[in-house]
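User: Please take a close look at one part of this model, the largest pocket. Go on from there to the strands that line the pocket and to what they pair with.

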Amino acid sequence: MNIQLYFDYCLSKKGVTEHFPFDEDTLVFKVGGKMFALSSLSEWEKGSPSANLKCDPEKADELRAEYDGINPGWHMSKVHWNTVKINADVPDKLLKKLIDDSYELVFKSLTKKIQTEITELEN
C-alpha cells in the first residue's frame, strides 16, 4: 500500500478528519474528535511506513503473535494500540480490516449524539 491509498482509505470513512496535532510529521485521522489512525509522513518517505491503529486487546495479542509486522503501539497504550508495519508481512487486505476495526472501536466509544450526527452525514 502506498501513502495515497492509505490516506484515501482512512478519509473514505464517514465523519473522518485529518490533523497534525503533535507535529508536522505525524498525520492523525480522527472520527468524532478521537484518534483512530496515526502515521509518520517521514517514515513513508524513508520507505518504512507504519500506522498506529486501535485494536481489541485480545485480538491485538493474537495479531502480534501471528505477524512480525504487528507490534504493541509505539508511544501509545500497548494494550489498546498496535503499530502495523505497512508493506511488511501484513497483507493490504488485513491492513484495511485493521483500519476498519480501529475506526469502529473509536466510533462505538463516541456518544450516541455524535454517532447519530456522523451517521447522518451525506445522507
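Analyst: The largest pocket holds about 390 Å³ of space. A pocket here is an open set of points on a 1 Å grid over the protein atoms alone, where a 1.4 Å probe fits and protein lies on both sides within 12 Å along at least five of seven lines; lining residues have an atom within 4 Å of a point. Grid points are joined across faces, edges and corners, and the volume is the space filled by probe spheres set on the points. The model is predicted: local features need pLDDT of at least 70 and side-chain atom pairs count only at pLDDT 80 or more, while totals for chains, interfaces and linings use all residues. Residues are numbered from 1 along each chain as its sequence is written, and side-chain values use heavy atoms, with hydrogens and water left out.

The lining has 17 residues, and Ser40, Ser50, Asn52, Trp74 and His75 are the closest to the pocket centre. Two or more lining residues come from each of strand 3 (34-40), strand 4 (50-54), strand 5 (70-72) and strand 6 (81-85). Strands (E, at least two residues) and helices (H or I, at least four) are DSSP runs numbered from the N terminus. By class, the lining comprises six nonpolar, eight polar and three charged residues. Ala, Val, Leu, Ile, Met, Phe, Trp, Tyr, Cys and Pro count as nonpolar, Asp, Glu, Lys and Arg as charged, and the others, Gly among them, as polar.

Asn52 also ties the pocket to the strand pairing. Leu38 stands opposite Asn52 in strand 4, and Asn52 in turn stands opposite Thr83 in strand 6. Next to this, Leu53 faces Asn82 in strand 6. Strands count as paired if DSSP finds at least two bridges between them. Strand 3 and strand 4 are antiparallel and share two bridges, whereas five bridges join the antiparallel strands 4 and 6.

These pairs belong to an open, antiparallel sheet of six strands in the order 1-2-3-4-6-5. Strand 1 and strand 5 stand at the edges with a single partner strand each, so one side of each has no neighbour in the sheet. From one strand to the next the twist averages 25°, an angle that, on the scale used, runs from 0 to 180 degrees between N-to-C directions of axes fitted to C-alpha atoms, for helices over the stretch in contact.

At the strand 1 edge, strand 1 (residues 16-19) and strand 2 (residues 26-31) pair in the antiparallel sense over four bridges. Six residues separate the two strands of this hairpin, and Glu18 has Phe29 in strand 2 as its bridge partner.
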